[in-house]
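Please look over the chain below, first as a whole and then residue by residue. The paragraphs that follow start in a loop, move through the fold and its core, and end in a second loop.

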Amino acid sequence: TMGQLSRELLEILACPKCKTSVVESGDTIRCTNKDCGLIYPLRDGIPIMLIEEAASPAQAPSPR
């Protein structure tokens, strides 16, 4: 099943911190770089790609 974002949009989005590609994960956008891994919020289907809005992987709740 497709998430809220189109594949085309995900392909052009990149982590603002490290410029690595991102993936949609639930109601977040995650950086795929293992050394960065920032997690950006999705609000009303809009990715908030701001470093100051991102959570680090250590702050993220573990998936259940």
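In which loop, between which helix and which strand, does lysine 19 lie? Lysine 19 belongs to the loop between helix 1 (7-12) and strand 1 (22-25), where helices (H or I, at least four residues) and strands (E, at least two) are DSSP runs numbered from the N terminus. Its phi is near 70°, a positive value in a residue other than glycine. Most residues other than glycine have a negative phi. Lysine 19 counts as exposed because its relative accessibility is 61%, given that buried means under 20% relative accessible area, exposed over 50%, and partly exposed in between (1.4 Å probe, protein chains only).

Before going further, the reader should keep in mind that this is a predicted model, in which local features need pLDDT of at least 70 and side-chain atom pairs count only at pLDDT 80 or more, while totals for chains, interfaces and linings use all residues. Residues are numbered from 1 along each chain as its sequence is written, and side-chain values use heavy atoms, with hydrogens and water left out. The predictor's confidence in each residue, pLDDT, runs from 0 to 100; the protein chain averages 89, and 89% of the residues score at least 70. Among the elements of the chain, strand 2 has the highest mean pLDDT (96) and helix 1 the lowest (91).

The protein chain holds one helix and four strands, and from the N terminus on its elements run α-β-β-β-β. The four strands form an open sheet in the order 1-2-3-4, with antiparallel pairing, two strands being paired if DSSP finds at least two bridges between them. Strand 1 and strand 4 are the edge strands, each of which pairs on one side only. Between strand 3 and strand 4 the antiparallel pairing extends over two bridges, and arginine 43 has isoleucine 46, in strand 4, as its bridge partner.

Of the 64 residues in the protein chain, 30% are buried. The largest nonpolar core, meaning a set of buried Ala, Val, Leu, Ile, Met, Phe, Trp, Tyr and Cys residues joined through side-chain atoms within 4.5 Å, has 13 residues, and those with the most contacts inside it are Val22, Ile29 and Tyr40. Strand 2 and strand 3 are the elements that give two or more residues to this core. If residues up to four places away in sequence are not counted, tyrosine 40 touches, with contact meaning heavy atoms within 4.5 Å, residues including Cys15, Pro16, Thr28, Ile29 and Ile51.

Threonine 28, one of these partners of tyrosine 40, has its place in strand 2 (residues 28-31). Is threonine 28 buried or exposed? Threonine 28 counts as buried because its relative accessibility is 17%. A polar atom of its side chain lies 2.7 Å from the backbone oxygen of serine 25. Not counting residues up to four places away in sequence, threonine 28 touches Val23, Ile39, Tyr40 and Leu42.

The second loop to visit lies between strand 3 (39-43) and strand 4 (46-47), and aspartate 44 is found there. Although aspartate 44 is not a glycine, it has a positive phi of about 55°. With a relative accessibility of 80%, aspartate 44 counts as exposed.

Technical notes. Polar contact = N/O pair within 3.5 Å; in protein donor to acceptor, adjacent residues only side chain to side chain.
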